[in-house]
Amino acid sequence: QVQLVESGGGLVQAGGSLRLACTVSGSIFSLNTMGWHRQAPGKQRELVAFISSGGSTNYADSVKGRFTITKDNAKNTVYLQMNSLKPEDIGVYYCNAKLRRTSNSPWAYYWGQGTQVTVST
C-alpha cells in the first residue's frame, strides 16, 4: 500500500521559517511529479509548488521567492522550505505525488493526510 507521510508543520511567528517533508512509502514502480498544495479555512485547495521528475520547479505567485521545493530521489521524499512566513500562508498543507505502483499500472495521484501550518502575528 502506498502512503504519503508529511511532517514539519506547526506554529511559527510571522517572518519565521518552517520546513515540511513528505515521504512516499510502500512499493512503487516509478515516481514522477511531487508537489505541495494548501487549503486555508473556508477556501479551496490551491497549488503551492511542484517539482518534476527531472527537477524542474513551479511555484504559486504568492510564494515565489519565499518557498523552495526540493526532493531526495533516494529517499522518495519532497521538501518545502518556507521562509518569511505570513499570516496568509496559514492552512493545511498537503503533499501529493504522481506515481505508478507497477509497470502495468497507470499513472495515479496520491495524497498525504495534511499538516497544519499556523503563522502568528
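Select strand 1 and strand 3 (residues 18-25): five bridges join the two, and they run antiparallel. The model you have open is a predicted one. To look at a single pairing between these strands, pick Val5 and then Thr23 in strand 3, which is the bridge partner of Val5.

Next, widen the selection to the whole sheet. Strands 1, 3, 8 and 7 belong to an open sheet of four strands, arranged in the order 1-3-8-7 with antiparallel pairing. Colour strand 1 (3-7) and strand 7 (67-72) separately: these stand at the edges, and each has a single partner strand, so one side of each is left without a neighbour in the sheet. Turn the view to look across the strands; on average, neighbouring strands of this sheet are turned by 15° against each other, direction ignored.

Stay with strand 3 and show the side chain of Cys22, then that of Cys95. A disulfide joins Cys22 to Cys95, with the sulfur atoms 2.1 Å apart. A disulfide is a covalent bond between the sulfur atoms of two cysteines. A search of the whole structure finds one disulfide. The angle about the S-S bond is -75°, and the link of Cys22 and Cys95 is left-handed. Distant parts of the chain are linked here: Cys22 is in strand 3 and Cys95 is in strand 9 (residues 91-100), 73 residues apart.

Are the two cysteines buried or exposed? Cys22 has 0% relative accessibility and therefore counts as buried, the cut-off being under 20%. Cys95 also counts as buried, at 0% relative accessibility.

Now move along strand 9 to Asn96, which lies in that strand. Asn96 counts as buried because its relative accessibility is 8%, under the 20% limit. What is Asn96 in contact with, leaving aside its neighbours within four places in sequence? Select Leu4, Thr33, Met34, Gly35, Trp36, His37, Tyr109, Tyr110 and Trp111 to show these contacts.

Finish at Tyr94, which also has its place in strand 9. At 14% relative accessibility, Tyr94 counts as buried. Draw a distance between the C-alpha atoms of Tyr94 and Gly114: the separation is 4.4 Å, although the two are 20 residues apart along the chain. With neighbours within four places in sequence left aside, Gly114 is one of the residues in contact with Tyr94. The others to select are Glu6, Gly35, Trp36, His37, Gln39, Arg45, Trp111, Gly112 and Gln113. Gly35, Trp36, His37 and Trp111 are among the contacts of Asn96, and these residues are also in contact with Tyr94.

Definitions and conventions:
Residues numbered from 1 in each chain as written. Predicted model: local features only at pLDDT ≥ 70, side-chain atom pairs only at ≥ 80, totals over all residues. Heavy atoms only, no water. Pairing = 2+ DSSP bridges. Axes fitted to C-alpha atoms, helices over the stretch in contact; angles between N-to-C directions. Disulfide = S-S within 2.5 Å. Buried < 20%, exposed > 50% of the residue type's maximum accessible area, 1.4 Å probe, protein only. Contact = heavy atoms within 4.5 Å.
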